[in-house]
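Please take some time to look over the sequence and the model shown here before reading on. The paragraphs that follow lead from a metal site to a set of strands, then to a cavity and a loop.

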Amino acid sequence: MMEQYICNNCGKKHDITPTLWKCECGGVLNIVKDTPKIDVAAWNNYPNSLWRYFETMPFAKDSKTWESITMGEGQSPLIVLDPLELNTYVKVEYMMPTLSFKDRGAAVLIAKAKDLGVSKVIADSSGNAGTAIAAYAARCNIACEIYLSDETSPKKIAQVKAHGATIKEIQGTREDIAAAAQKAVDEGKVFYASHVYNPYFYEGTKTYAYEIYEQLNGVPDSLIIPVGNGTLLLGAYYGFIELFENRLIEKVPKIIAIQAANCAPLVSAYENGDATAALVTNKGTLAEGIAIAAPARSKQILEAVRKTNGIFIDIKEDEILSARAILADKGFYVEVTTAANYAGYIKYKKAPNEKIIIPLCGAGIKSK
Ligand SMILES: Cc1ncc(COP(=O)(O)O)c(C=O)c1O
Ligand SMILES: [Zn+2]
């Protein structure tokens, strides 16, 4: 049977085609699928990368596309941050081919695009997702166009350029940039390699949970997760739910979601008890990677955090900078956005012996 999407808003099912990226009602799309039956013993049949979990992803069983696309993404180290806090770990997500966790989603999404016979993709990004999509598209000779803000960190723009992608620098808000990309997608009938809209991206980011399960031989109590559009948050949540439904773990960790106070639509919605986030004005934040004023999957993000009894924490600009310096003192040089994750950890009132994982999402050399 042909693979299908289902609208998260109205429930309508759609056949998956290279040009479909949202429902006509405006809703975001999810993949129609059952919880995968996890065969842990099969994982060793694959190389040491996120492709260990290939059989949990909705690909044709005999698809070998990933073999020519992989650059060894995944299996990032899980390290005790400080010998005085043995229950606090960092997962070093910047140890990835393009130096951020976005490689998880991009590798899987581009493998799917290749299976669909796509020859060109368009994406919009605050920087890291665009870099990752550009790299994997280059790897399999798919033409790539990335829409970015003219204020994106120059190092990220240089990375995208290096992979041969066409860059469209747009003046305006993050929402204006997404709208420009979506217009080009619809007018040119191009595949939208969106980390926000395309649900295959989350099939990649869910491997964050699978890896933690293997590395800890179980689950932590809590996950610190930065959230702009929610690709790591939702991926981690889906991954732990799949492990839980397969009875491999006994609980799903609590999600402690982090936003920058100057652009925190999800924090407001959470505090107001709302089901979805309303558009806010981005007042300007150094944390460019999470500066999303209108996350398209806000309903799913809020549901996920609430279902885990999680919370949201907002971080001020000065807290971001001091957190970056503390992490560097401990040996970890992260991009500015990632410092917000550690600032969130510092602010969070943890219980004694609470086992917590902080993702180090992007490398320090990506930002000024
Ligand atoms: C370094 C970094 N951290 C966190 C995020 C947030 O990811 P998301 O917008 O998918 O929630 C991003 C997104 O670009 C990022 O680049
Ligand atoms: Zn719909």
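Four donors around a metal count as tetrahedral if all the angles between them lie between 85 and 135 degrees. With that rule in mind, and remembering that this is a predicted model, we can turn to the zinc ion (ligand 2), which is coordinated at 2.3 Å by the SG atoms of Cys 7, Cys 10, Cys 23 and Cys 25. The four donor atoms around this zinc ion subtend angles of 101 to 117°, and therefore the arrangement is tetrahedral. Along the sequence, the donor residues follow the spacing C-x2-C-x12-C-x1-C, a pattern that the reader can trace in the sequence above.

Are two of these donors, Cys 7 and Cys 10, buried or exposed? Buried means under 20% relative accessible area, and because Cys 7 has a relative accessibility of 4%, Cys 7 counts as buried. Cys 10, in contrast, has a relative accessible area of 46% and is partly exposed.

Next come the strands. Strand β4, made of residues 78-82, pairs with strand β5, made of residues 85-91, in the antiparallel sense and over four bridges, and the hairpin that joins β4 to β5 passes through two residues. Within this pairing, Asp 82 has Glu 85 in β5 as its bridge partner. Strand β5 is also joined by four bridges to strand β13 (residues 356-359), and here the two strands run parallel; in this pairing, Thr 88 stands opposite Ile 356 in β13. As a general point, the side chains of a regular strand alternate between the two faces of the sheet.

From the strands we move to empty space. Rolling a probe the size of a water molecule over the atoms shows where such space is left. How many cavities of 30 Å³ or more does the count give? The count comes to one, and the largest cavity has a volume of about 250 Å³. This cavity is lined by 23 residues, of which Phe 101, Lys 102, Gly 289, Ile 290 and Thr 337 are the closest to its centre. Helices α8 (231-245) and α12 (336-347) each supply at least two residues of the lining, and the lining residues divide into seven nonpolar, 13 polar and three charged.

A last stop is Ala 294, which is found in the loop between α9 (265-272) and α10 (298-307). Because its relative accessibility is 36%, Ala 294 counts as partly exposed. Ala 260 lies 34 residues apart from Ala 294 along the chain, and the C-alpha atoms of the two residues are separated by 14 Å.

Note on methods: Residues numbered from 1 in each chain as written. Chains lettered and ligands numbered in written order. Predicted model: local features only at pLDDT ≥ 70, side-chain atom pairs only at ≥ 80, totals over all residues. Heavy atoms only, no water. Donors = N, O, S within 2.8 Å, 3.2 Å for Na, K, Ca; no water. Tetrahedral: all angles 85-135°; square planar, octahedral: opposite > 155°, others 65-115°. Buried < 20%, exposed > 50% of the residue type's maximum accessible area, 1.4 Å probe, protein only. Pairing = 2+ DSSP bridges. 1 Å grid on protein atoms, 1.4 Å probe; cavity = no way out; pocket = protein on both sides within 12 Å on 5 of 7 lines; lining within 4 Å. Points joined across faces, edges and corners; volume = space filled by probe spheres on them. Nonpolar A, V, L, I, M, F, W, Y, C, P; charged D, E, K, R; others polar.
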